[in-house]
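Me: I am new to this structure and would like to go through it step by step. Could we take it as a series of questions, each answered with its reasoning?

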Amino acid sequence: MSNPITLTASTSWSAEKRMQLHATFNAWISTCSEEEYLHLMSLREQVAPGQVCSIVTLVRSYFARPSLVLPSSLVQLMQERNLLPAFAGATYCAG
């Protein structure tokens, strides 16, 4: 079992960016498949076993740990809304 990630100050986002990410997540969650949802819940369990974990923490973890894979449709939506650097998700989307 992996340890939860400790986030540093350098990963903090503005309140506006966090609100944009939550709005994007809410849009995604209303249209995602059950498989995508279960994938995200599995990722949440890897990041914060047995704990509450926000989407902001999941996305930060995605940047910090290349082995983590967000659902491609969520990555795509975040890229469309300019919430990810251009390189983020390239490995997963290519695979």
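Me: At what angle do helix α1 and helix α4 pack, and what word describes that arrangement?
Reply: In this predicted model, helix α1 (residues 15-29) and helix α4 (residues 72-80) pack with their axes 10 Å apart and at an angle of about 135°. Angles over 145 degrees would count as roughly antiparallel and those from 65 to 115 as roughly perpendicular, and the angle here falls in neither range, so α1 is, relative to α4, oblique.

Me: What is the handedness of the crossing of α1 and α4?
Reply: A crossing can be left-handed or right-handed, depending on which way the near helix is turned from the far one. For α1 and α4, the crossing is right-handed.

Me: Which residues make the contact between α1 and α4, and how many of the contact residues are nonpolar, polar and charged?
Reply: From α1 the contact takes L21, T24, A27 and W28, while α4 contributes S73, L74, L77 and M78. Sorted by type, the residues of this contact include no charged ones, with 2 polar and 6 nonpolar.

Me: How does α1 pack with α2 in angle and axis distance, and how many residues of their contact are charged?
Reply: The axes of α1 and α2 lie 11 Å apart at an angle of about 135°, which makes α1 oblique to α2. In their contact, F25, W28 and I29 of α1 meet E36, Y37 and L40 of α2. These residues divide into 5 nonpolar and no polar, and the number of charged residues is 1.

Me: Which helix supplies the largest share of the largest nonpolar core?
Reply: This core has 23 residues, and those touching the most other members are L21, L40, I55, V59, L70 and M78. At least two residues of the core come from each of α1, α2 (34-47), α3 (55-64) and α4. The largest share, 5 residues, is supplied by α3.

Me: Is α3 mostly covered or mostly uncovered, and what covers its buried residues?
Reply: Of the 10 residues of α3, 7 are buried, and this helix is mostly covered. The buried ones are I55, V56, L58, V59, R60, S61 and Y62. What covers them includes α1, α2 and α4.

Me: Is R18 buried or exposed, or in between, and which residues far from it in sequence does it contact?
Reply: R18 belongs to helix α1, and because its relative accessible area is 32%, which lies between the limits of 20% and 50%, it counts as partly exposed. Its C-alpha is 9.1 Å from that of I55, although the two residues are 37 apart in sequence. Leaving aside neighbours within four places in sequence, the residues in contact with R18 are W13, V56 and R60.

Me: Where does N82 lie, is it buried or exposed, and what is its phi?
Reply: N82 is found in the loop between α4 and α5 (90-94). With a relative accessible area of 65%, N82 is exposed. Although N82 is not a glycine, its phi is positive, at about 55°.

Me: How many helices and strands does the protein chain have, and what percentage of its residues count as buried?
Reply: The chain has 5 helices and 0 strands, and its pattern along the sequence reads α-α-α-α-α. Among contacts with a separation of 6 or more, 58% join residues 24 or more positions apart. Of the chain's 95 residues, the share that counts as buried is 34%.

How values were computed. Residues numbered from 1 in each chain as written. Predicted model: local features only at pLDDT ≥ 70, side-chain atom pairs only at ≥ 80, totals over all residues. Heavy atoms only, no water. Axes fitted to C-alpha atoms, helices over the stretch in contact; angles between N-to-C directions. Helix = DSSP H or I, 4+ residues; strand = E, 2+ residues; numbered from the N terminus. Parallel < 35°, antiparallel > 145°, perpendicular 65-115°, else oblique. Contact = heavy atoms within 4.5 Å. Nonpolar A, V, L, I, M, F, W, Y, C, P; charged D, E, K, R; others polar. Core = buried A, V, L, I, M, F, W, Y, C linked by side-chain atoms within 4.5 Å. Buried < 20%, exposed > 50% of the residue type's maximum accessible area, 1.4 Å probe, protein only.
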